[in-house]
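Hi everyone, thanks for coming. Please have a look at the model on the screen, and then I'll walk you through some parts of it.

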Amino acid sequence: MTALEAGLLGQTLLLVVAIAAALLTPTSWRSRVSGFFCTLLAVAGVVTGAIALSGGTGSLSIPTALPMDPLVLSPDRLGGLVMVVVSVVGVLASLFGIGSARVASASRTSWLSMAVFLSGMQLVPAATDVVSFLLFLEIMTLGSTALLLAHHATRGTVASALVWYSAMSQLSFFFVLAGFAMLAGLAGGTGFADLATIDPFTWQASVAFLLLLLGFGGKAELVPLHVWVPRVLPEAPGHVAAAMSGAMVNIGVYGALLVVVRLLPNGPAWWGVLIMVLGGVSALYGILQASVASNLKVLLAYSTTENMGLVFLGLGASVLLRADNAAAAADAALVAALLLMLSHSAFKSTLFLGAGAVARAAGEMNLDRLGGLGSRMPWTAAAFGGAAMGAAALPVTSGFVAEWMLLQALIHGSRVDGEVVSVAASVAMPLAVAVIALTAGLALLTFVKAYGIAFLARPRSRKAALADEVPVIMRIPLVVGALLVVGLGLLPGPLAVAIGSAVGPAFTPDVRTIGLAGLDARGIDAVLDPTTFIVLAGLLLAPVLITLFISARRHPTRTSPLPWAGGGSRLRPRMQYTATSYAEPLVRVFDDVLRPTRDVEVTHVGESRYLVERVHVEQTVSDVVETRLYRPVLNLMQRFGILARRAQNGSIHRYLSYSFVALLSVLIVVSL
Amino acid sequence: MTGAAAIIIALVQLVLFVFLAPLLIGVIRQVRALLEGRAGSGIWQPWRDVRKLLAKNPVRAADSSWMLAAGPVTLLVSSLLLCALLPLVGTLPLPLIPSDLFVIVSIMLVGVVALALVGLDAGTAFGGMGSSRHMTVAALVEPTLLLAVYALSIPAGTSTLSLIVETRLLNPAVIISPVSLLAMVALAIAIMAETSRLPVDNPSTHLEVTMLHEAMVLEASGRDLVWLELGSWLKLAALLGLLSNLIVPWGIMTDFSVLGVIVGVGAVTVKILLLGVVLSVGEVFLAKARLFRVPELLAGSFALGLLAVTASYLVA
C-alpha cells in the first residue's frame, strides 16, 4: 500500500467515524467531538492531497454492485492541489464550528452533513472517471443542502433560499451530467483517460464544452447561475458559509480545469473568448453588487462571484492564448488563475469566519447597524482586516500576487516577439485588463467599506456597542486564515512552482523562485519579490517612526471627545456615514446596471411644512439577472402550474376517466 | 554593481523628493496666488507648515482607533516607496523589485486605502463623505490609469516603467506618435484625479459639497496631519515627475555617473517645477466639476486609453 492509498483509506474511515460521532454523542459534547473528527477528516485530506501534489501515486478502488467498472480514486497532482486547498478550508471551518455551532448548527443532521460535505469535496478531485466524479459531486451538493436544511426552523427565509439552492445546484449538475454524457458517448468510455483522446475541434466536443462550462460555472457561482449565492450564504452559519464559499466553489474551478487542461486541452480560440466573457461579466457584476450591499454576508457572497469570475477570466485567457500559439503567456495565465483560486480560498474563508464571529458577537449582519467593533473584538478585526486586504488585492497579500500575475500574463499575451498574435487577442487582452482594473478598484471600495464601517468609527446600534470578542477556539482559525492570506503572498515563488508542476505534464509554465521566495515568471519576463518590498518599506518606515517618536516625546497626544466633528456639536453615532451612504455615489454612477429603487418619505411637523419631523429613506438594489432572466421563467412555470391545477380537482370520476384515456392511448400506440 | 548604483539613485530620489514636494506645493500655490492678484504666502510656506505641525500636540477623537495614527504613516510610506521606485532621477531598476507598473499602482492604492480608512475612523459624517467619494473616484480611475500606461508599455514590450522611459529616450519618435499622445492625455487626466487636483477635487476648498481629500483629513491634527499632507504632496510630486519624464525623457540618467546624478537631479527638479507651474496656471481657468460629472470625465479618459492600446496593436 502506498502513502496515497493509505491517505485515501484514512479519509474514508474518518468519514465513517465522523458520521458515527455525529450520531452517537450527546448534545452537550457533540460539537466538540464531531468538530474534532471533522477537523481530523480535513487534516487527512490535507495530507493525502499533499502526497498527491508531491507526485505520490496509488489508487483506491471501490467495488459497486452495479454492472460497471469499480469506482477508482487516484488523485493526480492537480487533484492533489485542489484537495489540499479545500481541506485546509475544511480544517479552518471545522475548528471554527467547534466554538460557533449552537442549537440548529450543533444538531446531529448538521454535523453529519458537515462530514459528508467535507469528504465529498475532498474526493471529487480524486475521481478518475466520470461516474465517480459525478457521484462525489452529488454527495458534496447533497451534504451542503442538508447542512443548510438543518437551519430551516430558525428563520423563515431559509426554506426559500434552500429551494433556490437545490434548483440551481441540480441545474448545474444536469449540465455537467449532460456534458460528460456527450463526451463519454464520443469516447466510448467513462474514464478520464478515454475522454482525453477526444478531438476538441468537433462540434460534439464544443457542445459538451458549452454544457460543462455552464455546469461548472454554476458550481463556481458565475453569472447567470449565481442567483442562489446572495440568498443562501447569508442564511448559512459562518463556518458553513466559509466552507461553501471558500472551498466548494473550487470544485467548480477544478471541473473547468479538468475540461480545459486534462480532457480537451488546446481547444479552439472561441472557447477561450467565451470563458473570458463569462468570467469578465461575472467579475464586474459580482463586485458591483458587492460594493452596494449592506449585509456583510451578501457582500462577501457577491464578492465570491467576482473572484471566481477573475479565475475564469484567467482560464479563458489561457485557452485563447494557447490557441494563438502564445504558450508562455497562456501558461502564466493558467498559473495566475490557480493562484487566484488559492488566495480566494484563504481570504474568503477567513472573511466568512470573521462575519460569523461578528454575527455571534453582535447578532447583526447589517453593516448600517455595526461599527466600532475594532476596539471590542481586536482579534477578529485584525484577522478580518488582513483577509480584506487580500480580497482588495493590496500588496503584499496573496490576492495581490495572483492579480499581478494575471495582469502580467494579459499584457504580455497579445504579442510574441513583437508580432500581434491575433485580432481577438489584441481586443480581448486590453478589455480584460480594464475589467480587472475596474474590478480591483471596486473591490477596494467594497472592502474599505466592509472593514471601515464595521470595525472603525462608533457603534451604530446597541448590539454593536455591547459586542464581545469570540472564544479562543474561534480565534485560532481566524488568525491562521489571516496568516495564510499574508503568508501565501510572501511566498509566490514556491507556490507558482508547485502550481506549475500540478498543471503538468501537458502544460509547463516557466516559473521559478527568485531571491528569498520571489516569483520569476521567465516566460513573460516578469519578476516580483514581496520580501524585498517588505524590507524596503521597513527601511522607509524607520526614519518616519524615528521622527514620530521624537515628536511624540515632546508633544504627546491629547484625546478629546469632539475634536472638530464637522463644526457641529452633535455627537450622535447615527450621524455617521453608513454602508448605504458610503456606496451611494457608486449606485448613482452605475444606476443603469443596478437599477435601485428609492423611496423617500418625509413627515412634516404639523404647524409648518418647512419643518421636518422625520425622513424615511428606503433603497433596494435588485439583482437584474434575477428579475430579468429568472422571474419571467418562474412566472411562466407558475402560470403552467395554475393551469395544471385545474386538471386536478380531486374528483374521483375525473381521475378514473384520465386512467381510461391513458389506457386507451397506450393500447392504440401498442397496436400501431 | 548596478544594484549598488540603483540603491544610490533610489536614495537620491528619496532625499530630493522629500525636499522638493513641499516646495512644489509652495510654487503651485504661489503661482496661483499671483495669478489671482494675491500676495501669496511664499514658496516655503508648506515647509513652515510641516515644522509647525510637528511641534503640536495631535488631538484625537475619543472614539478613534489606532487607524488614525497608523493610516497617515502608511500613506507616507507608500508615497516614499513611489519616490524610491519610479524612474525620476535615473532609470536603474532596483534588484528584484523593478518599477513594475502594476506594483506601482498597487502601492499607490495602499495609500488611497489608508487615507480612506482614516476618513472613516473618527466617525463623523464629513470623514465618511470624503472617504466614500474618494474611493468612488479611485475605483473609477484605476482602469484608466492601467490602460494608459499599458498603451505606453507596448512599444517598449515591458511593463517596467524605467524601461518604458528609456525606450522613449532612445527612440523619441515614439513620444509624438498618435498612440502615445492619446495615452498621455488619458494618463494626465487619471493623475489629476488620483492626486485630488482640479477638476476632480479642489485642493483649496473647505466647502462641504466640494470636498474630497480635505474632508478626510479634517479630524487629523499635529503630526497625523503632517504625514497625510506630506504623503499626498510626495505622491503628486512623484507622479508629476513620472509624467514629465514620459513626455520629456531627456536629462534622466541611464548609466551611473556622478555627473549623471547631478544632471538628473537638476533635470527632474526643473521639469517638476515647470509642470507644477503649468498645472497651477491651468487650474486657475478650471472650475471643479460636479462630483457626478467626474465619472464622465474618467470614462472619456478611459476611452482614450482603450483606443490607444487597441490602436497600437492593430494599426502599428
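I'll begin with how to read the model, then turn to chain B, the nonpolar core, a helix and one residue of chain A.

This is a predicted model, in which local features need pLDDT of at least 70 and side-chain atom pairs count only at pLDDT 80 or more, while totals for chains, interfaces and linings use all residues. Residues are numbered from 1 along each chain as its sequence is written, and chains are lettered from A, with ligands numbered from 1, in the order in which they are written.

How confident is the predictor? For the complex, the predictor gives an ipTM of 0.94 and a pTM of 0.94. In chain B the mean pLDDT (the predictor's confidence in each residue, from 0 to 100) is 88, and 97% of the residues reach 70 or more.

Let's stay with chain B. Chain B has 11 helices and 1 strand; helices here are DSSP runs of H or I with at least four residues, and strands are runs of E with at least two, numbered from the N terminus. Read from the N terminus, the order is α-α-β-α-α-α-α-α-α-α-α-α. The radius of gyration of chain B, 19 Å, is close to the 20 Å that the globule rule gives for 316 residues, so chain B is as compact as a globular protein of that length. That radius is taken over C-alpha atoms, and the rule is 2.2 Å times the number of residues to the power 0.38. Buried residues make up 64% of chain B. Buried means 20 or more other C-beta atoms within 10 Å of a residue's own, exposed means 12 or fewer, and partly exposed is in between, with C-beta atoms placed from the backbone.

Now the core. The largest nonpolar core (buried Ala, Val, Leu, Ile, Met, Phe, Trp, Tyr and Cys residues joined through C-beta atoms within 7 Å) has 363 residues. Its largest share, 23 residues, comes from helix H13 (residues 327-362) of chain A. A:Leu339 is among the residues with the most contacts inside this core.

And helix H4 of chain A, residues 108-123? In H4(A), 14 of the 16 residues are buried, so this helix is largely enclosed by the rest of the structure.

Finally, which residues does A:Arg558 touch? Leaving out residues up to four places away in sequence, A:Arg558 touches B:Asn57 and B:Val59, where contact means C-beta atoms, placed from the backbone, within 7 Å. A:Arg558 counts as partly exposed, because it has 13 C-beta neighbours inside 10 Å.

Note on methods: Contact = placed C-beta atoms within 7 Å.
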